[in-house]
Every structure is written in C-alpha cells, then in structure tokens.
Amino acid sequence: MKLLNDFRLIILLCLTLGLAPFFPEPHLWGKLKWIAGGANGMLLMDWFDVVLHGFPWVLLIRISILKINKKNVA
C-alpha cells in the first residue's frame with residue numbers, strides 16, 4: 001500500500017507508462033480521442049490498453065486529492 005502513496009513513484013509512472021509511446025503522440029491521448037469520437041471499432045484489447053495507460057493518472061489524481069484534503073483538515 002505504501003507504493004500507491006509514493007508521490008515520486010506515481011509521477012514517474014505517469015511520465016513513463018502513462019505517456020508511452022511518446023511519438024507521434026502519447027498513446028493514452030490517442031485512445032482518449034478515439035473514445036471521445038465514439039469508440040467505433042475499439043476492441044477489448046484497446047479498452048485494456050486505456051486502463052493500463054490511464055491507471056497511473058488515476059493514482060495521481062487520487063493522491064493529489066488526499067494531499068489537498070489533508071491540508072484542509074489540519
């Protein structure tokens with residue numbers, strides 16, 4: 001559980017797995033555009049790919065919210 005709360009590790013995951021491959025555009029960005037366009041032709045493998053590349057970003061949002069709430073409570 002400590003790994004899921006390590007801010008530096010989550011940033012590293014976002015910059016590597018979350019954006020890989022980088023060229024011609026980040027993979028996650030291309031998948032999100034595909035979903036926004038109606039997700040026509042997306043297979044189960046494509047949805048898994050979105051989850052795999054998006055999970056570090058979900059963790060980053062989660063830890064950011066936890067840190068903001070911790071500051072507001074204290």
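How many helices and how many strands are there in the protein? There are three helices and zero strands. This is a predicted model. Read from the N terminus, the elements run α-α-α. The radius of gyration is 15 Å, well over the 11 Å that the globule rule gives for 74 residues, so the protein is more spread out than a compact globule.

**Overall form**

- The C-alpha trace spans about 50 × 20 × 20 Å along its principal axes.
- Of the 74 residues, 22% are buried.
- Take the contacts with a separation of 6 or more: 58% of them join residues 24 or more positions apart.

**Surface and charge**

- The accessible surface comes to about 5,700 Å².
- Carbon and sulfur atoms account for 76% of that surface.
- The protein has 8 positive and 4 negative charges.
- The mean position of the positive charges lies 16 Å from the mean position of the negative ones.

**The nonpolar core**

- In soluble globular proteins, nonpolar side chains tend to be buried together.
- In this model, the largest nonpolar core has five residues: I10, C14, L59, L60 and I63.
- Helix 1 (7-15) and helix 3 each supply at least two residues of this core.
- Helix 3 gives the most, with three residues.
- One core member, L60, touches F7, I10, I11 and C14, leaving out residues up to four places away in sequence.
- Two of those partners, I10 and C14, also belong to the core.

**K31 in helix 2**

- K31 lies in helix 2, which covers residues 27-36.
- Is K31 buried or exposed? K31 has 7% relative accessibility, and buried means under 20%, so K31 counts as buried.
- Which residues does K31 contact, leaving aside its neighbours within four places in sequence? The contacts of K31 are D46, D49 and V50.
- D46, D49 and V50 fall within the range of helix 3, residues 44-73.

**I65 in helix 3**

- I65 is found in helix 3, which covers residues 44-73.
- I65 has 46% relative accessibility. Partly exposed covers values between 20% and 50%, so I65 counts as partly exposed.
- I65 and L9 are 56 residues apart in sequence.
- In space, I65 and L9 are 16 Å apart, C-alpha to C-alpha.

Definitions and conventions: Residues are numbered from 1 along each chain as its sequence is written. This is a predicted model: local features need pLDDT of at least 70, side-chain atom pairs count only at pLDDT 80 or more; totals for chains, interfaces and linings use all residues. Side-chain values use heavy atoms; hydrogens and water are left out. Helices (H or I, at least four residues) and strands (E, at least two) are DSSP runs, numbered from the N terminus. Buried means under 20% relative accessible area, exposed over 50%, partly exposed in between (1.4 Å probe, protein chains only). Contact means heavy atoms within 4.5 Å. The radius of gyration is taken over C-alpha atoms; the globule rule is 2.2 Å times the number of residues to the power 0.38. Accessible areas come from the Shrake-Rupley method with a 1.4 Å probe; for residues, only the protein chains shown count as cover. Lys and Arg count as positive and Asp and Glu as negative; His and the chain ends are not counted. The place of a charge is taken as NZ of Lys, CZ of Arg, CG of Asp or CD of Glu. A nonpolar core is a set of buried Ala, Val, Leu, Ile, Met, Phe, Trp, Tyr and Cys residues joined through side-chain atoms within 4.5 Å.
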